[in-house]
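Reader: Hi! I'm new to reading protein structures. Could you walk me through this one, step by step?

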Amino acid sequence: MDYFGHGTHIAGIIGAGTNNDIGITGMNPNVKLLNVCFLSALGRGTQFEGAIAIRYAAQMHARVINCSWGYPTYTLTLQNAVNAALDSGAIVVAAAGNSNSSVSQYPAAFEGVWSIASLDSNSQRSYFSSYGPNVLFAEPGEDIVSLAPQSSYTSKSGTSQAAAVLSGIAARVLSFKPELSRDELKTLLIQSCDDIGTQGRD
């Protein structure tokens with residue numbers, strides 16, 4: 001059960017159902033979601049718990065692991081978990097952070113992880129979004145309406161929401177082309193993008 005609500009919002013962006021005359025439609029409404037909760041009702045959790053969550057998702061053969069969370073400090077425990085997931089062939093997508101700076105956040109800053117920044121409605125970097133050379137993609141992340149606990153809906157902003165958008169896109173492409181490797185999918189997505197630079201704002 002998601003008592004905090006963040007995970008429910010993220011899951012809705014990725015895979016909310018369609019053709020039911022209610023709410024929203026996720027990026028990939030036919031996706032198979034594996035919900036792994038390690039945050040408390042206050043939205044708190046340790047890097048050790050996050051590492052366990054990543055390892056569990058990889059062991060369950062998740063092809064896309066969405067990490068709409070992050071920490072400002074590096075730990076080997078979290079890096080080893082991410083490396084294990086990458087070694088399994090999983091795509092690890094992570095929120096770049098909401099610090100309006102180029103300060104690294106983990107797991108987004110780990111090599112091999114797809115770090116996602118947030119865009120506003122004008123396709124410019126959101127005022128809060130982290131940026132820099134570690135960021136691979138930027139997706140809409142402002143005022144995103146999605147599910148909330150107790151069968152309701154709410155609007156939230158953040159690189160967490162942007163990461164969910166990219167995770168849903170990746171899962172949708174893989175549903176049509178399951179044979180694509182992580183690198184092949186990355187190349188395909190990059191080819192479909194516009195280059196907004198390392199900051200996205202002049």
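Author: Happy to! Keep in mind that this is a predicted model. Let's begin with an enclosed space: the lining of the largest cavity divides into seven nonpolar residues, seven polar ones and no charged ones.

Reader: How much space lies in the largest cavity?

Author: Counting cavities of 30 Å³ or more gives one. The residues closest to the centre of the largest cavity include A96, V103 and Y131, out of 14 that line it. The space in this cavity comes to about 90 Å³.

Reader: And which element gives the largest share of the lining of the largest pocket?

Author: That pocket holds about 1200 Å³ of space. It is lined by 40 residues, and L33, L34, N35, V36 and V64 are the closest to its centre. Elements that give two or more residues to the lining are α1, α2, β1 and α4. The largest share, six residues, comes from α1.

Reader: What kinds of residues make up the lining of the largest pocket?

Author: Here the lining does include charged residues, three of them. The others divide into twelve polar and 25 nonpolar.

Reader: Let's turn to S68. Is S68 buried or exposed?

Author: S68 sits in the loop between β1 and α3. Its relative accessible area is 5%, and the cut-off for buried is under 20%. Because 5% falls under that cut-off, S68 counts as buried.

Reader: Which residue has its backbone oxygen 2.8 Å from a polar atom of the side chain of S68?

Author: Leaving out residues up to four places away in sequence, S68 touches H6, I10, A95, S160, A163 and A164. One of these contacts involves a polar side-chain atom of S68 and a backbone oxygen, 2.8 Å apart. That oxygen belongs to S160.

Reader: Now the strands. Why is β3 largely enclosed by the rest of the structure?

Author: In a regular strand, side chains alternate between the two faces of the sheet. On one side of β3 are W114, I116 and S118, on the other S115, A117 and L119, and all are buried. So β3 is largely enclosed because of its six residues, the number buried is six.

Reader: Which residue in β4 is the bridge partner of S115?

Author: β3 runs parallel to β2, with three bridges joining them, and A95 stands opposite I116. β3 also runs parallel to β4, this time with five bridges. In β4, the partner of S115 is V135.

How values were computed
Residues are numbered from 1 along each chain as its sequence is written. This is a predicted model: local features need pLDDT of at least 70, side-chain atom pairs count only at pLDDT 80 or more; totals for chains, interfaces and linings use all residues. Side-chain values use heavy atoms; hydrogens and water are left out. On a 1 Å grid over the protein atoms alone, a cavity is a set of points where a 1.4 Å probe fits but cannot get out, and a pocket is an open set with protein on both sides within 12 Å along at least five of seven lines; lining residues have an atom within 4 Å of a point. Grid points are joined across faces, edges and corners, and a volume is the space filled by probe spheres set on the points. Helices (H or I, at least four residues) and strands (E, at least two) are DSSP runs, numbered from the N terminus. Ala, Val, Leu, Ile, Met, Phe, Trp, Tyr, Cys and Pro count as nonpolar, Asp, Glu, Lys and Arg as charged, and the others, Gly among them, as polar. Buried means under 20% relative accessible area, exposed over 50%, partly exposed in between (1.4 Å probe, protein chains only). A polar contact is a pair of N or O atoms within 3.5 Å; within protein, one must be able to donate a hydrogen and the other to accept it, and residues adjacent in sequence count only if both atoms are side-chain atoms. Contact means heavy atoms within 4.5 Å. Two strands pair if DSSP finds at least two bridges between them.
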